[in-house]
Amino acid sequence: MSPGSYAGTITITAPNATNSPQTINVGLNIAPVGTSSVPFGSFDTPKNGTTVSSSIAVTGWTLDDVETTVVKISRDSVGAEPPGSRIYIGDAVFVEGSRSDVEIAYPTYPLKSRSGWGYMLLTNFLPNGGNGTFTLYATATDREGHSVVLDSKTITCDNLHAVKPFGAIDTPGQGEEISGSLYYNFGWALTPLPNSIPTDGSTIWVWVDGVPLGHPSYNHYRDDIATLFPGYANSNAAVGVYDLNTTAFTNGVHTIAWSVVDNAGNEDGIGSRYFSILNAGTPTLQGEQATAANHAVASGAAVSSFTKVRELAEFRAVSMNPIHARRGFNRSLPPESVIPRPGEGTLFATLELERLEILLDDHALEVDANRRTAERAGLTSVLPIGHRYEGYLIVGDELRPLPIGSTLDANTGIFSWLPGPGFLGNYRLAFVDRESRSRLFVTIKIGS
């Protein structure tokens, strides 16, 4: 085909589907050889000049007139390393839907919906135990081989005075595709002295798409961790493993993280990353993970009923009653109340990598209160059955699947989101309650 712009359609037909056929409009731009441009974008976090410790998100966005294929994270050499060289750290992961602000600002660019990129950096692995000043670089390379440094950030790492737990997830790997009813989710966790992590793993939680699944089996030895981090209370038994049943989740991209609390009450999340699930057949809910993900609409699930914001007009707007939410991993804390803004909906501000849980109405608040009461008594709460709520990400006038890393419980009206590296900016969400025929708009502002 000659250089130029082309338009076409793809029609998908399924004889037993009620909404068949579906048509997708496709645009194709062919650039003459040698005329394509270099990638461009931004390196957003960490902020230049900040002091950090433990795990940090290295994030930004990039676009190209054809395709940005990779963003590589590197650092300046330090100490005895070859002077003037850059040391490769790792490749960032492109995240679908992570930067809707960029997608709206550059509507004609290809792959604009996955312009955001993110990398989770455990600073403890940097030279000198992750103590000192380091300069990081983000270099984007496109399909034709053009490379450009998006920016650099100079940060100070101070793990010597850190007090929170730290660690990493080893499996699944960043962006890895997994499957099956028994997948071993390995990770490790330590905490600075004089504190320790209970060896039974009772204060370590595994989270997928913002939903807690259970505790790993902790207190296992691994030579490299014991050698790299000697002298901690758990140095010789820092490894944990959780039996993950991937068939309890939809096929597609998900987030996984661990949260760790030590015996002094210090808490932090570790190892946040993206991974993909691909199982043949229909996902089945079973066992402990089925209880956690019961009847949930996970991130990336297909939009069920509506495609445009204007189609929600058939539902009435909810009242100006407070909406309840909690931030962080501690689900025993009572949620806080947030008052909606007239004509704008409800605004929630949260930090990068911070878990947010929103209780959409009084029904969700009651379910949450019952859960906390049951857990204090050592019992398991029973969730209602049904499919009452729907949720969407709004981009322009379009309704998209909920953001990657989030889960809406379709029965209870509890929305959980643990954004992975790459999610920054404002995200507008729409929720529909089919039982009360009401709609609710929420804006989540994620900052660094």
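In this predicted model, a good place to start is the hairpin of strand 29 and strand 30: four residues lie between the two strands, and Gly413 takes a positive phi near 80° there. Strand 29 covers residues 406-409 and runs antiparallel to strand 30, with three bridges holding the pair in register. One of the matched positions puts Ser406 across from Trp417, its bridge partner in strand 30.

Strand 30 (residues 414-417) has a second partner to account for. Strand 26, made up of residues 356-359, pairs with strand 30 in the antiparallel sense, this time over four bridges. Here Glu357 has Ser416 of strand 30 as its bridge partner. As for cover, both faces of strand 30 are shut off: Ile414 and Ser416 are buried on one side, and Phe415 and Trp417 are buried on the other. So Ser416, the bridge partner of Glu357, and Trp417, the bridge partner of Ser406, sit on opposite faces of the strand, with side chains in a regular strand alternating between the two faces of the sheet.

Strand 27 tells a similar story. Seven of the seven residues of this strand (residues 389-395) are buried, so strand 27 is largely enclosed by the rest of the structure. One side carries Tyr389, Gly391, Leu393 and Val395, the other Glu390, Tyr392 and Ile394, and every one of these residues is buried. A glutamate, Glu390, is thus among the buried residues of strand 27.

The partners of strand 27 come next. Strand 31 (residues 425-433) pairs with strand 27 in the antiparallel sense over six bridges, and in that pairing Tyr392 stands opposite Ala430. Strand 28, which takes in residues 398-400, also pairs antiparallel with strand 27, over three bridges. Ile394 stands opposite Leu399 in strand 28. Strands 27 and 28 make a hairpin with two residues between them, and Gly396 takes a positive phi near 65° in it. A glycine with positive phi therefore turns up in this hairpin and also, as Gly413, in the hairpin of strands 29 and 30.

Elsewhere in the chain, five strands form an open sheet of mixed pairing, in the order 4-11-10-6-7. Strand 4 (51-52) and strand 7 (86-91) stand at its edges with a single partner strand each, so one side of each has no neighbour in the sheet. Further in, strand 10 (residues 131-142) and strand 11 (residues 147-158) run antiparallel to one another and are joined by eleven bridges. Within this pair, Phe134 stands opposite Ile155 of strand 11.

Stepping back to the whole protein chain, the secondary structure comes to five helices and 32 strands. The radius of gyration is 23 Å, close to the 22 Å that the globule rule gives for 448 residues, so the chain is as compact as a globular protein of that length. Its C-alpha trace spans about 70 × 65 × 45 Å along the principal axes. Buried residues make up 49% of the 448. Among contacts with a separation of 6 or more, 67% are between residues 24 or more positions apart.

On the outside, the protein chain exposes about 20,200 Å², and carbon and sulfur atoms supply 54% of that area. The charges come to 30 positive and 44 negative, with their mean positions 6 Å apart.

Notes. Residues numbered from 1 in each chain as written. Heavy atoms only, no water. Pairing = 2+ DSSP bridges. Rg over C-alpha atoms; globule rule 2.2 N^0.38 Å. Buried < 20%, exposed > 50% of the residue type's maximum accessible area, 1.4 Å probe, protein only. Contact = heavy atoms within 4.5 Å. Areas by Shrake-Rupley, 256 points an atom, 1.4 Å probe, with all protein chains shown as cover. Lys, Arg positive; Asp, Glu negative; His and termini not counted. Charge placed at Lys NZ, Arg CZ, Asp CG, Glu CD.
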